[in-house]
Amino acid sequence: MTQNSHAKLRCGVVGVGSLGQHHARIYDCMPNVELVGIFDSSKDRASEIAQRHHCRVFESIDDLGAHCEAVSVVVPTDMHHRVAMQLIASGCHLLIEKPICASLAEAEAVVAAARERGVLVQVGHIEHFNPVMSFLEQKVSQPRFITADRLAPFNPRGTEVGVVLDLMIHDIGIILQLVRSPIARIEAVGVQVLTATEDIANARIVFANGCIANINTSRVSTKKGP
Ligand SMILES: NC(=O)c1ccc[n+]([C@@H]2O[C@H](COP(=O)([O-])OP(=O)(O)OC[C@H]3O[C@@H](n4cnc5c(N)ncnc54)[C@H](O)[C@@H]3O)[C@@H](O)[C@H]2O)c1
């Protein structure tokens with residue numbers, strides 16, 4: 001895609017399910033963005049969201065990519081690599097929802113392709129933009145011990161990857177940001193309960209500066225939220 005000559009950034013969304021619909025909604029209401037259109041493998045879902053935001057439904061990822069400068073990738077995680085590589089080949093900057101990909105090899109391939117094509121890739125680690133995070137970054141210096149519990153009820157969405165990539169990744173990101181020290185050692189255990197991969201996990205991360213983070217994550221919790 002060639003560079004935009006008008007003021008508005010031309011954006012699109014691939015995958016407008018539970019989360020992708022919000023990417024479309026937010027692009028639609030940003031003053032400096034034009035929501036060009038969407039692509040979803042469910043035509044009914046694509047039409048529903050396109051009608052809501054008065055934008056085009058594209059017939060293919062390539063066609064959407066040819067009309068956009070930046071695209072959100074909000075398909076299930078095991079599709080991130082394939083969709084991202086197609087859009088990078090079209091020259092689009094990407095906002096890929098977390099986790100970036102289903103494996104390290106896929107993530108490295110996406111980053112290498114983006115570098116080669118000269119496009120930006122941002123990953124949707126939304127917790128970094130949580131106002132609590134700015135507060136913590138100001139108030140917490142040199143933490144010695146961090147404990148994080150993220151206990152969610154079962155939801156089949158996200159289960160294409162294990163709970164570490166699905167949910168624990170939020171806490172890993174926050175903790176790395178706060179501790180800012182190399183990792184010396186990790187002890188971890190994952191237990192499969194309802195899906196093909198781990199649904200409950202505990203990790204104890206020991207940092208070189210002595211800080212210890214203990215993370216408990218579950219996506220099969222029966223506890224009611226606050
Ligand atoms: N940042 C966060 O806090 C957060 C929260 C929820 C989900 N997510 C991430 O967002 C992504 C999507 O999750 P979701 O809960 O919206 O899933 P979802 O199942 O609700 O929606 C996925 C959508 O993608 C479509 N789709 C599937 N395969 C496709 C393909 N190959 N091409 C085009 N469309 C395709 C589906 O029809 C569906 O509409 C996942 O990677 C998930 O980890 C991030």
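Let me start with the shell around the ligand, whose residues divide into ten nonpolar, nine polar and five charged. This is a predicted model, so please hear everything that follows as a description of a prediction. In total, 24 residues surround the ligand, and the closest of them are Asp-40, His-80, Glu-97, Lys-98 and Arg-157.

Three of these names are worth following down to the atoms. The side chain of Arg-157 places an N or O atom 2.5 Å from an oxygen atom of the ligand, and the side chain of His-80 has an N or O atom 2.8 Å from a ligand oxygen. With Lys-98 it is the backbone that takes part, through an N or O atom that lies 2.9 Å from an oxygen atom of the ligand. As for coverage, the ligand on its own has 850 Å² of accessible area, and the protein covers 81% of that.

Staying with Lys-98 for a moment, please look at the peptide bond that joins Lys-98 to Pro-99, which is cis, with an omega of about -10°. Pro-99 itself sits in the loop between S5 and H5. As background, most peptide bonds are trans, and most residues other than glycine have a negative phi.

That brings me to two residues with backbone angles of the other sign. His-54, although not a glycine, has a positive phi of about 50°, and its place is in the loop between helix H2 (43-53) and strand S3 (56-57). Gln-142 is also not a glycine and has a positive phi of about 50°; this residue belongs to the loop between helix H6 (131-139) and strand S7 (145-151). Are these two side by side with solvent or packed away, that is, is His-54 exposed or buried? His-54 counts as exposed because its relative accessibility is 71%, and Gln-142, with a relative accessible area of 69%, is exposed as well.

Now to the interior. The largest nonpolar core has 23 residues, and those with the most contacts inside it are Val-14, Val-71, Leu-87 and Leu-94. Strand S2 (33-39), helix H3 (61-67), strand S4 (70-73), helix H4 (80-89), strand S5 (93-97) and helix H5 (104-117) are the elements that each give two or more residues to this core. To take one example, if we leave aside residues up to four places away in sequence, Val-14 touches a set that includes Phe-39, Ile-61, Leu-64, Val-71, Val-83 and Leu-87. There is also a second, separate core of 15 residues, among them Ala-152, Ala-203, Cys-211 and Ala-213.

Conventions. Residues are numbered from 1 along each chain as its sequence is written. This is a predicted model: local features need pLDDT of at least 70, side-chain atom pairs count only at pLDDT 80 or more; totals for chains, interfaces and linings use all residues. Side-chain values use heavy atoms; hydrogens and water are left out. A residue is near a molecule or strand if one of its heavy atoms lies within 4 Å of it. A polar contact is a pair of N or O atoms within 3.5 Å; within protein, one must be able to donate a hydrogen and the other to accept it, and residues adjacent in sequence count only if both atoms are side-chain atoms. Accessible areas come from the Shrake-Rupley method with a 1.4 Å probe; for residues, only the protein chains shown count as cover. Ala, Val, Leu, Ile, Met, Phe, Trp, Tyr, Cys and Pro count as nonpolar, Asp, Glu, Lys and Arg as charged, and the others, Gly among them, as polar. A nonpolar core is a set of buried Ala, Val, Leu, Ile, Met, Phe, Trp, Tyr and Cys residues joined through side-chain atoms within 4.5 Å. Buried means under 20% relative accessible area, exposed over 50%, partly exposed in between (1.4 Å probe, protein chains only). Helices (H or I, at least four residues) and strands (E, at least two) are DSSP runs, numbered from the N terminus. Contact means heavy atoms within 4.5 Å.
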